[in-house]
Amino acid sequence: MAVSKGAIYEFDDFRLVVGERLLLRSDKPIAMPSKTFDLLVALVENNGHLVEKEILYNRVWGDAIVEDANLTVQISAIRKALGNGYIKTVIGHGYRFSADVLEKGEGEIVFESETFSRVTIEKEESIDVAVFDDERSSVSERGQIVRLNGSGQSLRVPYFALALGGIILVTVLALSGSWLLNRNRSALNTAASTIPADKLLQIRRLTSKGTGNQAVLSPDGKFFVYNVSENENSGYSLWLGQTNGNSDLQLLPPAERYCSPRSFSADGNWLYYVVSEPRDFGNATLYKMPVLGGVPQKVVQGVSIYTFVSPDEKQIVYVRNSSENKTSALVVADLNGTDPREVVVRPLAEAFNSATLAWSSDGKRVAFAARNGSGKTLEVFSTNVGNGEIRQITTLDWPQISKLAWFSDSSGLVAVARDQNLHDSNQVWRIDYESGRAQKIVNDLLHYGASLSLSADSSALVTLQAILESNIWIAPTENLAGARQITFGSSGQEGWFGMDWTADGRIVYAVRIDKSLTLWTMDAEGKNAKQVTSVGFLDTLPSATADGKYFVFQSNRSGESEIWRVQQDGTDLRQLTFDGNNSAPHTPPDSRTVVYSHDFEGVDYAWRVSIDGGEAKRITNAQCTNVRVSPDGKFLACGSRSDGKAKLTITSIESGEPVRSFDVPPTYNFTGSIRWSRDGNFISYRDWGDGIWSQAMSGGGPKRLKGLPSEKLYSFQWSPDGKQFAFTRGRSLRDFVLISDFK
């Protein structure tokens, strides 16, 4: 491919020396992989101009068949090398480099060639690459990558092309992961690092259903059991798969209940799994059944879905939280549930993450993640189940730890977690037990779900890879079935993390750009899209003020979850709260204050603060999550619990006391979704897997809004005049992968 030999470009304190393939900052070299450098040159040479994606593909990769994730990885690497602000994403088109660039030289055109290492592709889906999927691809039954083009048609990529693209991607990810971490190490905890650049992982895709949730690996690493669900309401089924790629066997058919595997027996002949009614996760039953199928045997009833069996199959461990006592207890009991004892009790503000419980191979210790003393971040701990002695393993201040598993020799643990780089997704980490040092096992743009299981010798692990896709649709309020799609962005996620209407009939919505979430506006036809907030942060759940001046939103810009505001033209950005754990902002009709949820000692309450900032004041004395102000400004609708049951509660803003509550279906989902109708006559909220519920203020039970797709929906809202309804359709492609050669 052609590059300009001898050209030198200078901007700010950077110097790009093309002929020597060198990037300098204040005369100090910055390491940069080959493709990343080529992409930077292409953008700088076209400074101030939009460079279409296809032009960049041709310029940097030539005729090679590559996946969209390659370009995304390179753009992200450049942004981290230069800092944010130089490269603007034009959604659906390409990128623009913007700086005061001085060109100091120009030479002849030369052509470079590049060689690639040989890779062996097995007939099954075993590909020796670090990652081979992206936000626009999935795996077909024959093991080919299926990539969607702009029209939604599929492009089949044959194995030889996949091998070539895979090697390119492995090389880029391995190299970029190393230099990026070294460059940013000062911004991260010194105990976190990345695996050596020359470490080549084996990653094999095990499923292609796209609807996985949890999986466990057999002790010998030859089998795995996993659950799938077409959506969260259609019922879960349980499957036995072989890691060599042979056909899967259904162990339990789909049914309207939640079921999930927990572990194999030590000899690999039995499977432990839990079953509960939808969303009734605190009242599950633990079963065991022969791995190759047979009659299930009830082990214990009335436990959490996150109940884990000890290696000797004599004990179980689970978490029991008490909002009344404001405590979180780690409970160990006999296998049949008898003789329960609270091994460790913590304040609810420092609660256990019950999904992370993990027995050591000798059964003497249980590892877990829990909030640290500030209640804002998480650490990894272990406890001796015999005497309750606690050891803090890490001092990482991580915002999310989703799953843990011990190495067989107890030298450390594997974790699915997100580090202080808050715009990163969940990754897979190795944590040393003695030092607490953490290293990334994988470092890519994919998201790893809360599923993790190791073989008995710790030579392989199974985890969940997830890809999120969404777009915004709009429909007449009187004909929701007549919805049409208005966004078609290449980001893969538009409106998933929040959306609202402005007073003048535009839509403000969250858009993912690389690893950032930014706020954008557009008109009701999906045109004239404009970026409001910058990349580098997670800006979510926007709410437009009724006076048309501001957007208030939830963001991690300060390192904590806080409430921010910005003028609708993107100016006058201001932080409004400063105590962390703040979410779901909304403004009353007068636009003078902001109401939001604040997590105080493990319980959410409604608070408010001036639109200009200042002292925040608590509104409610009872639990109130995902708050939303009524159109007349007198009431709050929010989520709460009463007698152990979830409720939709109406609270007086003046008194702070509940005035009414409604029962909700077992599959309710309040997260970022409670909405009043424009006339205040009913309140709507999402279902966990099928559409949107509507609760009339006059009473009666909730009813689904008619005409919407029978699938999981995300953000939604009525237009200011009530005549249009915007909503986000999305899907999460979730499949299991086997990772080996990582230790």
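**Salt bridges, helix packing and confidence in a predicted model**

Colleague: With which residue does Glu434 form a salt bridge?

Modeller: In this predicted model, the closest N and O atoms of the pair are 3.6 Å apart. That distance satisfies the requirement of a side-chain nitrogen within 4 Å of a carboxyl oxygen. The partner of Glu434 is Arg391.

Colleague: How many residues apart are Glu434 and Arg391?

Modeller: Glu434 sits in the loop between β35 (427–432) and β36 (438–440), whereas Arg391 belongs to strand β32 (residues 390–392). The salt bridge thus links distant parts of the chain, and the separation is 43 residues.

Colleague: Is Glu434 buried or exposed?

Modeller: Its partner Arg391 has a relative accessible area of 29% and is partly exposed. The relative accessible area of Glu434 is 61%. Because a value over 50% is the criterion for this class, Glu434 counts as exposed.

Colleague: Which residue forms a salt bridge with Arg506, and how does the accessibility of that partner class?

Modeller: Arg506 itself is partly exposed, at 22% relative accessibility. The closest N and O atoms of its salt bridge are 3.1 Å apart. The partner has a relative accessible area of 56%, and the residue, which classes as exposed, is Asp504.

Colleague: How many residues apart in sequence are the parts tied together by Asp539 and Arg557?

Modeller: Asp539 forms a salt bridge with Arg557, with the closest N and O atoms 2.8 Å apart. Asp539 lies in strand β44 (residues 539–544), while Arg557 lies in the loop between β45 (550–555) and β46 (562–567). The pair therefore ties together parts whose separation in sequence is 18 residues.

Colleague: Are Asp539 and Arg557 buried or exposed?

Modeller: The class in question requires a relative accessible area under 20%. Both Asp539 and Arg557 belong to it, and both are buried.

Colleague: Which residues are joined into one network by salt bridges that share partners?

Modeller: The structure holds 21 salt bridges. Some of them share partners, and the one network they form joins Arg565, Asp572, Arg574 and Asp612.

Colleague: Are helices α1 and α2 roughly parallel or oblique to each other?

Modeller: Helix α1 (residues 34–45) packs against helix α2 (residues 53–61) with the axes 9 Å apart and at an angle of about 130°. Angles over 145 degrees count as roughly antiparallel, and those from 65 to 115 as roughly perpendicular. The angle of about 130° falls in neither range, so the two helices are oblique.

Colleague: Which residues of α2 meet α1?

Modeller: α1 passes α2 in a right-handed crossing. On the α1 side, the residues involved include Lys35, Leu39 and Leu43. Several residues of α2 are buried, among them Lys53 and Tyr57. Those that meet α1 are Leu56, Arg59, Val60 and Trp61.

Colleague: Over which residues is the pLDDT below 50?

Modeller: The mean pLDDT of the chain is 82, and 83% of its residues reach 70 or more. Where pLDDT is low, the predicted coordinates should not be read in detail. Strand β11 (residues 126–127) has the lowest mean among the elements, at 21, while strand β25 (residues 308–309) has the highest, at 98. The pLDDT is below 50 over residues 1–5 and over residues 106–190.

Conventions: Residues are numbered from 1 along each chain as its sequence is written. This is a predicted model: local features need pLDDT of at least 70, side-chain atom pairs count only at pLDDT 80 or more; totals for chains, interfaces and linings use all residues. Side-chain values use heavy atoms; hydrogens and water are left out. pLDDT is the predictor's confidence in each residue, from 0 to 100. Helices (H or I, at least four residues) and strands (E, at least two) are DSSP runs, numbered from the N terminus. Contact means heavy atoms within 4.5 Å. Buried means under 20% relative accessible area, exposed over 50%, partly exposed in between (1.4 Å probe, protein chains only). Axes are lines fitted to C-alpha atoms, for helices over the stretch in contact, and angles run from 0 to 180 degrees between N-to-C directions. Angles under 35 degrees count as roughly parallel, over 145 as roughly antiparallel, 65 to 115 as roughly perpendicular and the rest as oblique. A crossing is left-handed if the near helix is turned anticlockwise from the far one by less than a right angle, and right-handed if clockwise.
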